[in-house]
Amino acid sequence: MMTTLVAARLSLSPGRVGAVINRNVGALRSGPSYWIVLISGFFEPLLYLLSIGVGVGALVGDLSVDGHTMSYAAFVAPAMLAVSAMSGALAETTFNFFFKLKYMKTYEAVLATPVRPFEIAVGELVWAVVRGSVYTVIFLGFMVALGLTTVAGAIAAFPATVLIGLAFGAVGMWVSTLMRGWQDFDLLGTGQFAMFLFSGTFSPVHDYPVGVEILIQLTPLYHAVELVRSLCTGIVGPGILVNIAYLAVLVVGGLWLASRRVEKMLCV
Amino acid sequence: MADQSLIFARGLVKRFGDFTAVDGIDLDVAPGEAFGFLGPNGAGKSSTMRMIGCVSRPTAGQLRILGMDPVRDGTRIRARLGVCPQLDNLDPDLSVRENLTTYARYFGVSRAEARTRADELLEFVQLSDRANGKVEPLSGGMKRRLTIARAMVNDPDLVLLDEPTTGLDPQARHLVWERLFRLKQRGTTLVLTTHYMDEAEQLCDRLVVMDGGKIVAEGSPRSLIQNYSTAEVVELRFADGLDSNAQYAAKLDGIGERVDPLPDRVLLYADDGDEAVAEVHRRGLTPASVLVRRSTLEDVFLHLTGRTLVD
């Protein structure tokens, strides 16, 4: 009985997931407001790459990581790519998702139809990653153009950015269901910024004291950065399996928790 | 019996923590019927509607919708329901037409079919000229009509309407009623909640009066009036009323079946209103105004659910 209930909860109709995505496509086409959000989200990592990667990089010079020498910009760029994948998905599953959940009552209307909470969660997540992928593809184009990775590196890194988007998007969606109001998003922003600064983005984590290093290794952006950096630089070790597994757990766990919360909030 | 009823409930209960919203109700709604839940705020109408709509699990009791179990077959049941919620939750990011076409997709209606249905439904609710406009500038009545159209987009067997005309001005209400009446004529089964007596009398073949989570009366509007009220009601206002209506009520005792003193007037429930008025005059009472009217559902409702204000 329990297994059938779990199976029922997790069973998906591709058509209904598609319908959830279709709604967002419609909203996107309806006006310029959405595009403004979309464009603004793209520039942040790019500006960091240019100011810190290239600008500060000129002062830092080359960097030696695990016996490989690379330019500072080549070290920072994959991290910015991971950040871009993270924030692209998060923007959709936090602000937009929360707004639809709490204020627009979009999901109340949707749940009166055959669509299930899990299908809403999956649909919104897929959409978030599609949106995030627009950022990452353009960003990868810049990296190749600036000589910060090869075409092969970019092609290898792209699926990793999709995984990163899925992981952060799923967890972000769950976190949004716990938000009491907009002020809670400041906390989320702070957490996101702390990860952005310390997850091996601007300096190798080995440079931190051991305790801090371990703490960082427990956070998700670290694994995202490690994974993308390996693939972009071509220095691939067995460690990426851990990174992939870590992110995959976030995808499944985040989706599961998010859809359960939506059900608890709206199906009472 | 459960197989024929679109809605079948026995001992249906919904609790939220310690609070019992629905306290053991029985329901049978037949195909083609227009069925109403009448009751004050907090009577348990909306909680019942949410259970019927398969978005809220019953705490206890038996419930079958379209012959299926709402917990196990929720998706299949919802595919055949049309739901018009109490508060409009139209999508402000989409145009009027897209609100219908997008919604149709949730039911697996094809893109082309969704467009055809949307145009037909916009015609039906008289919003064709607003099809490409935004939702936000629509008036309350237009939004409600659009929500009703949205509830029809899957060609449902059963349409649930939670307070369909609350908050609308009289013209808008009449237009909504007229459209709902047409749905009823087409044979669509309607289930609605309301606290407007005129709405219940206009639309419902049969209704239940709910109070405190229980069904306190059931029947057609006419039979409810017959059973719980008299044919006519006399409204008496006294010049020095207000504080002394209770004393007048005592003097009126025995006229008609029941005397009900309100702060501003005294109601006499009698089958022959004119005869009751004559008796009032015979007793030497001189009310400032006398109104004899037919009994309405409002009299039934107030009699059954009391006059205490419920928020």
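Visitor: In which order do the four strands of the open sheet in chain B lie?
Guide: In this predicted model, chain B holds an open sheet of four strands whose pairing is antiparallel. Its edge strands, each pairing on one side only, are β11(B), residues 258–261, and β13(B), residues 289–294. Read across the sheet, the order is β11-β12-β10-β13.

Visitor: Which residue of β13(B) stands opposite Val233(B)?
Guide: Strand β10(B), which covers residues 232–237, pairs with β13(B) in the antiparallel sense over six bridges. Opposite Val233(B), in β13(B), stands Arg293(B).

Visitor: Which helix packs on this sheet of chain B, touching β10, β12 and β13?
Guide: The helix in question makes an angle of about 35° between its direction and that of β10(B). The helix that touches β10, β12 and β13 of chain B spans residues 273–282, and its name is α10(B).

Visitor: Are α7(A) and α10(A) roughly parallel or roughly antiparallel?
Guide: In chain A, helix α7 (residues 151–178) and helix α10 (residues 220–233) pack with their axes 8 Å apart and at an angle of about 170°. Because angles over 145 degrees count as roughly antiparallel, α7(A) and α10(A) are roughly antiparallel.

Visitor: Which element gives the largest share of the side of chain A that touches chain B?
Guide: Between the two chains, 22 residues of chain A are in contact with 20 residues of chain B. The elements of chain A that give two or more residues to this side are α2, residues 14–30, and α5, residues 106–111. The largest share, eight residues, comes from α2(A).

Note on methods:
Residues are numbered from 1 along each chain as its sequence is written. Chains are lettered from A and ligands numbered from 1 in the order in which they are written. This is a predicted model: local features need pLDDT of at least 70, side-chain atom pairs count only at pLDDT 80 or more; totals for chains, interfaces and linings use all residues. Axes are lines fitted to C-alpha atoms, for helices over the stretch in contact, and angles run from 0 to 180 degrees between N-to-C directions. Angles under 35 degrees count as roughly parallel, over 145 as roughly antiparallel, 65 to 115 as roughly perpendicular and the rest as oblique. Two residues are in contact if their C-beta atoms, placed from the backbone, lie within 7 Å. Two strands pair if DSSP finds at least two bridges between them.
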